Amino acid sequence: MKNPKILIHLVMVLVQVAFGTVECSGQEYPSENEMSVIDTSEGTKDQAAWIDWPQLYGNPEHNNFREQKNEIVCPKILWRVDYSDIPAVVGNDVYAGGQALRLIDFRTGKVKASFKTQDMTEQINFKGTPVVLPDRVIAHGSDDLIYALTRDLSKVIWSQETWGIGWSSGVSNGDLFIVGADKWLVAIDVSSGKIRWQRGFPSEIVMTPALADGKVLFGTWARKFYAYDLDGNELWCHRGKHSFGFTDPAVAFGKVFVGDRGGMVNALDLDDGSLIWKYKSGSVGLSIPGVGKGCIFVGFGKVVVILDEMTGEPDPRERLFRTGLNPFGTPTLVEDTLYFGNLDGHLYAFDFKTGRYKWSFEVSTGKNKQVYDFVYHKGCLLVSTGAGLYALGNDPEKKELPHNFVLPDDLNNEQ
């Protein structure tokens, strides 16, 4: 193409379509992964500048792996809003549940729109992380209804009752929204909101399913971990020695990584469910596995460990990320920094190569100081806590931090 202006315009249109700023025709929705792809080739000024997080853990596979630059050297609080659950982010639009489903401006923290049904009286009216598609947002109400709304939250496109479902929302592959909780697995058509199929189980599903390679992946309290196809047919079942629950699965390297209530990290073959390896943590509670190059990260007790993805063996360099009690926030590697939340009220940042502690953010206000989880987006950390949703960015006035730096929250930064 000889005309560079036409080429630039074409690229801009394609980017707008991918990120939902231009209407998509028909009913074909790109997957969350397709929405997250950017040009990270060498030589570009904005290499890995930002990647969207349109749902919990960033993608249906739950593997949260992002090859992008870590821009936070010296953190500062940019803005804060009151309590919300773990957000989803597309461009400058932040969607978060809590007292209502809210649309927040990423740049300022201003709540641009909110949705709350009249019959919702509970303090937490929307729970879980919304799923953002080009023309709609799907979220889980505390009234056990799944809602699809326009991106500006001005109109309900459809709502669907999921009786007995009250624990977690699910994932989407572009045309199917999966909900797993209580004793049911439910598949909802994204376009119409109608239930396409549902499957009942004798024991509870206490986790958010993952979706990868045309498979819905989830475990039950009855010590069984399943793979179903997108038509609701069982593909395989792995029978473990302990209950599966509270630790969501992550998929990478052709494997499903999931913790059980016996403190085991299990690596299952994605194709047939066979056990490849297991690692005993010695702790009942485990974080969802985070994914890096050739390895995974798991938090338990007072440490986050590095395990080889092929063998499950601990890091041969004996790197351990030592922290406070219960590091259950998803360990996420952003370039040279491993971030994870903790039930001790901190978000931690460690140097991945050396295992050295870099800094932590402390929630010091309110009765509930718990850090739930976070999203890394456009050089900022969006941290969900019991005291509010915080945006942490880099402080350009500081070049380096003192040893054992802790950034406490500051209500004067609230907007």
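Two residues are in contact here if they have heavy atoms within 4.5 Å of each other. With that in mind, here are the close-ups, all taken from a predicted model.

**View 1. The whole protein, before zooming in.**
The secondary structure adds up to two helices and 31 strands. Of the 415 residues, 58% count as buried. Take the contacts between residues at least 6 apart in sequence, and 49% of them join residues at least 24 apart. The accessible surface is about 17,800 Å², with 50% of that belonging to carbon and sulfur atoms.

**View 2. A mixed sheet of five strands, in the order E24-E25-E26-E27-E31.**
This one is an open sheet. The edges go to E24 and E31 (405-408), and each has a single partner strand, so one side of each is left without a neighbour in the sheet. From one strand to the next, the twist averages 20°.

**View 3. Strand E25, covered on both faces.**
In a regular strand, side chains alternate between the two faces of the sheet. On one side of E25 sit Thr337, Tyr339 and Gly341, on the other Leu338 and Phe340, and they are all buried. Buried means under 20% relative accessible area. That makes five of the five residues in E25 (residues 337-341), so the strand is largely enclosed by the rest of the structure.

**View 4. The hairpin of E24 and E25, with two residues between the strands.**
E24 (residues 332-334) runs antiparallel to E25, and three bridges join the pair. Look for valine 334, whose bridge partner in E25 is threonine 337. Glutamate 335 is worth a glance too: in this hairpin it takes a positive phi near 55°.

**View 5. The hairpin of E25 and E26, with four residues between the strands.**
Here E25 and E26 (residues 346-351) run antiparallel, joined by five bridges. Tyrosine 339 has alanine 349 of E26 as its bridge partner, while threonine 337 stands opposite aspartate 351 in E26. Glycine 345 takes a positive phi near 90° in this hairpin.

**View 6. Threonine 332 and its surroundings in strand E24.**
Threonine 332 has a relative accessible area of 3%, so it is buried. Setting aside neighbours within four places in sequence, threonine 332 is in contact with Trp53, Asn64, Thr337, Leu338, Tyr339 and Phe374. Three of those names should look familiar from View 3: Thr337, Tyr339 and Leu338 belong to E25.

**View 7. Threonine 220, in the loop between strands E13 (215-219) and E14 (224-229).**
Is this loop residue buried or exposed? Threonine 220 counts as buried, at 2% relative accessibility. Not counting residues up to four places away in sequence, threonine 220 touches Ser203, Glu204, Ile205, Tyr226, Ser243 and Phe244.

**View 8. An antiparallel sheet of four strands, in the order E2-E3-E4-E5.**
This sheet is open as well. Strands E2 (88-90) and E5 (111-115) stand at its edges with a single partner strand each, so one side of each has no neighbour in the sheet. Direction ignored, neighbouring strands of this sheet are turned by 20° against each other on average. For the pairing of E4 (residues 101-105) with E5, look for four bridges between antiparallel strands. Arginine 102 stands opposite serine 114 in E5.

Note on methods
Residues numbered from 1 in each chain as written. Predicted model: local features only at pLDDT ≥ 70, side-chain atom pairs only at ≥ 80, totals over all residues. Heavy atoms only, no water. Buried < 20%, exposed > 50% of the residue type's maximum accessible area, 1.4 Å probe, protein only. Pairing = 2+ DSSP bridges. Areas by Shrake-Rupley, 256 points an atom, 1.4 Å probe, with all protein chains shown as cover. Axes fitted to C-alpha atoms, helices over the stretch in contact; angles between N-to-C directions.
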